[in-house]
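Me: I would like a close look at a single part of this model, the strands and what joins them to the rest of the chain. Please take me through that part in one connected account.

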Amino acid sequence: DSERLYTKGADLVVEIDLPDGEGPIRAVAQVMWNREENGRHHMGLMFLLITDASYMRIQDHLTKQQHG
């Protein structure tokens with residue numbers, strides 16, 4: 001979640017810090033949707049520019065989260 005609500009269609013440079021000890025991932029993403037729930041902002045992002053290695057790290061992290 002984010003402290004500010006970005007406009008749908010906006011391009012952002014995002015930094016994602018995964019708990020794999022590899023350092024943060026930087027990518028360019030576009031805001032696909034956003035909403036506010038209970039005073040917190042949520043948004044869906046589509047990656048526009050991301051390295052294959054970074055994408056695989058995210059996929060690996062999500063797989064581990066789903067399978068505990």
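Reply: In this predicted model, the secondary structure of the protein chain comes to one helix and three strands, and their order along the sequence follows the pattern β-β-β-α. Along the principal axes, the C-alpha atoms of the chain fill a box of roughly 30 × 25 × 15 Å. Of the 68 residues in the chain, 19% are buried, and the chain exposes about 5,300 Å², of which carbon and sulfur atoms supply 48%. Among contacts between residues at least 6 apart in sequence, 39% join residues at least 24 apart.

The strands themselves can be taken in pairs. Strand S1, residues 11-16, pairs with strand S2, residues 25-37, in the antiparallel sense over six bridges, and within that pairing Val14 stands opposite Ala27 of S2. On the other side of the sequence, S2 also pairs with strand S3, residues 40-49, again in the antiparallel sense, here over nine bridges; Val31 has Leu45 in S3 as its bridge partner. S2 is thus a partner in both pairings, with S1 and with S3. As general background, the side chains of a regular strand alternate between the two faces of the sheet.

The connection from S2 to S3 is a hairpin with two residues between the strands. Asn38, which lies in this loop, has a positive phi of about 50 degrees although it is not a glycine. With a relative accessibility of 79%, Asn38 counts as exposed, because the cut-off for that class is over 50%.

Just ahead of the strands, Ala10 lies in the segment before S1 and counts as partly exposed at 23% relative accessibility. Leaving aside neighbours within four places in sequence, Ala10 is in contact with Ala29, Gln30 and Val31, and the last of these residues, Val31, is the one whose bridge partner in S3 is Leu45. By contrast with those contacts, the C-alpha atoms of Ala10 and Ile25, which are 15 residues apart along the chain, are separated by 19 Å.

The loop between S1 and S2 deserves a slower reading, and Leu18 is one of the residues that lie in it. Leu18 is buried, with a relative accessible area of 10%. Once neighbours within four places in sequence are set aside, Leu18 is in contact with Ile25, Arg57, Ile58 and His61. Of these partners, Ile25 falls within the residue range of S2, whereas Arg57 lies in helix H1, which spans residues 52-67. For Leu18 and His61, a separation of 43 residues in sequence goes with a C-alpha to C-alpha distance of 7.5 Å in space.

Charged side chains supply further links. The chain has 7 positive and 11 negative side chains, the centres of the two sets lying 4 Å apart, and the structure holds four salt bridges. One of them joins Arg26 to Glu15, with the closest N and O atoms 3.5 Å apart. Since Arg26 lies in strand S2 and Glu15 in strand S1, this pair ties together parts that are 11 residues apart in sequence; both Arg26 and Glu15 are exposed.

A second salt bridge is formed by Arg57 and Asp20, whose closest N and O atoms are 2.9 Å apart. Here Arg57 belongs to helix H1 and Asp20 to the loop between S1 and S2, so the pair ties together parts that are 37 residues apart in sequence. Arg57 counts as buried at 18% relative accessibility, because the cut-off for that class is under 20%, while Asp20 counts as partly exposed at 36%. Arg57 therefore takes part in this salt bridge with Asp20 as a residue of the helix, and Arg57 is also among the contacts of Leu18.

Within the helix, the side chains of Asp60 and Lys64 meet in a salt bridge at 3.3 Å, N to O. These two residues are four apart in helix H1, which means that about one helical turn separates them. Asp60 is partly exposed, with a relative accessible area of 40%, and Lys64 is exposed, with a relative accessible area of 54%.

Taken together, S2 pairs with S1 and with S3, and the loop between S1 and S2 is linked to helix H1 through the salt bridge of Asp20 and Arg57.

Methods: Residues are numbered from 1 along each chain as its sequence is written. This is a predicted model: local features need pLDDT of at least 70, side-chain atom pairs count only at pLDDT 80 or more; totals for chains, interfaces and linings use all residues. Side-chain values use heavy atoms; hydrogens and water are left out. Two strands pair if DSSP finds at least two bridges between them. Buried means under 20% relative accessible area, exposed over 50%, partly exposed in between (1.4 Å probe, protein chains only). Contact means heavy atoms within 4.5 Å. Accessible areas come from the Shrake-Rupley method with a 1.4 Å probe; for residues, only the protein chains shown count as cover. Lys and Arg count as positive and Asp and Glu as negative; His and the chain ends are not counted. The place of a charge is taken as NZ of Lys, CZ of Arg, CG of Asp or CD of Glu.
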